[in-house]
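Notebook, opened with the coordinates on screen. I want to look up the packing of the interior and then the surroundings of the ligand.

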Amino acid sequence: MASSAASKPSVVDPTDLKSFQDHLKNSKRILALLGAGLSASSGLPTFRGAGGLWRTHDATELATPEAFARDPGLVWQFYNYRRHMALGAKPNPAHYALAALAKKRGDEFITLSQNVDGLSPRAGHPAETLKLLHGSLFDLKCSSFFCNHMERDNYTDPVCPALAIPTEPGTDNPIDTTAKRDLDISNISVPLPSIPASELPHCPTCQTGLIRPGVVWFGESLPGKVMDDVDAFFDSGEQVDLIMVIGTSSKVYPAAGYVDDARAMGARVAVVNMDRRDAPKSGMCEGDWMFEGDAAAILPELFREEIGELKEEDMKDLAGN
Ligand code: BJW
């Protein structure tokens, strides 16, 4: 990616930008911790705050094994809807900027993503250094404790016929008058059918368990291999120079705790968030940076010295969208 002289106007304070870029240049071991705010400008809602309500449900209350046990039809409608939304969304410049930095820096830069939407992989973020802490919407697994059936990269939409998102006749397309438009089932005014477990996907291996999304719900352990890789990065004993905390409210553990772990190993902390109140729990320290605003605008600028100007042709959605 070549630098362009005609850079966009700056969205960050020039003094902070310079000191961050100087530190990035001299940093060897780097971490990025990503949250839902990274994908906000791709049109995907976050968990907390304004976007965090799905119908009348707090999104985090649907993200539990208990909710799935109580009403698997409702929880599947929430996840099928989010798969559908994610498949229709595109990675934004923040995903591409991180992917470009990851390609440049290799295995000394690891990205710990709490996101399950598949947008970082679709932006070409190298899989070896992208650690999906909370799994993926596109992995499916058996919910039975006794079965370890797991299917990766399943993009079937809807997951099963009963979960098809209801449509209404579309008026957006004057040429195709038979076109249909999805109803927004996240809106309480759209009626939602009750779906019995018998109509949900069942495990092809054990034949009895219900299939569930391959994401990590509250109270569940994070994927073992991912945890081992993260531990290996921290346990190497080498200094960590920088942790970038991007688009996360830093409220969910163990993810939020990695900021303190990195700080304890010498890292300076750079926060990129729309809301400066969403600083890591231990607060901001001298030498940290708070870049307040949209990650999609800020990250390309923070990394420009290293990755050059992001151009349209560099931003290829590997899903072909
Ligand atoms: C922008 C922007 C823009 C907007 N640009 N910014 C220690 C202390 C206390 C509790 C615990 C603890 N350790 C463990 C726990 C329990 C629990 C926990 O953390 N609870 C907290 C609520 C306190 N943790 C767990 O249960 C974890 N498991 C675990 O610890 O296992 C060990 C164990 C197991 C069993 C027994 C004993 C030990 C698992 C956590 C799993 C979290 N899962 C979810 C759902 C995933 C599936 C799904 O997607 O549905 O993960 S919950 C939800 O929160 C999701 C997210 O990844 C996660 C974090 O949310 P995130 O990404 O930060 O989103 P938001 O919405 O909160 O924030 C968005 C931010 O973006 C905001 O700041 C905006 O301002 C900003 N923003 N637009 C930049 N354009």
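I began with Leu137 in this predicted model, and, setting aside its neighbours within four places in sequence, I found Leu137 in contact with Tyr79, Arg82, Arg83, Ala86, Val116, Asp117 and Val215.

I then looked up the largest nonpolar core, which has 35 residues, and noted that Leu137 is listed among those with the most contacts inside it, together with Trp54, Val75, Trp76, Tyr79, Leu163 and Trp217. Which helices and strands each supply at least two residues of this core? I listed helix 2 (59-62), helix 3 (65-70), helix 4 (72-88), strand 6 (135-142) and strand 10 (211-215), and of the contributions to this core that of helix 4 is the most, with seven residues. As for domains, I recorded that the core draws at least three residues from each of domain 1 (12-44 + 92-134 + 222-320) and domain 2 (49-88 + 137-165 + 182-215).

I also noted a second, separate core of 33 residues, which includes Ala97, Met244, Phe291 and Ala295.

Turning to the ligand, I counted 35 residues surrounding it, the closest being Tyr79, Thr248, Ser249, Asn273 and Asp278; Tyr79 is thus a name I had already written down for the largest nonpolar core.

For polar contacts I looked up three distances to ligand oxygen atoms: a polar side-chain atom of Thr248 lies at 2.6 Å, an N or O atom in the side chain of Arg48 at 2.7 Å, and a backbone N or O atom of Ala36 at 2.8 Å. Finally, I noted that the ligand taken alone exposes 1500 Å², of which the protein buries 74%.

Technical notes:
Residues numbered from 1 in each chain as written. Predicted model: local features only at pLDDT ≥ 70, side-chain atom pairs only at ≥ 80, totals over all residues. Heavy atoms only, no water. Core = buried A, V, L, I, M, F, W, Y, C linked by side-chain atoms within 4.5 Å. Buried < 20%, exposed > 50% of the residue type's maximum accessible area, 1.4 Å probe, protein only. Helix = DSSP H or I, 4+ residues; strand = E, 2+ residues; numbered from the N terminus. Domains from an automatic or database assignment. Contact = heavy atoms within 4.5 Å. Near = heavy atom within 4 Å. Polar contact = N/O pair within 3.5 Å; in protein donor to acceptor, adjacent residues only side chain to side chain. Areas by Shrake-Rupley, 256 points an atom, 1.4 Å probe, with all protein chains shown as cover.
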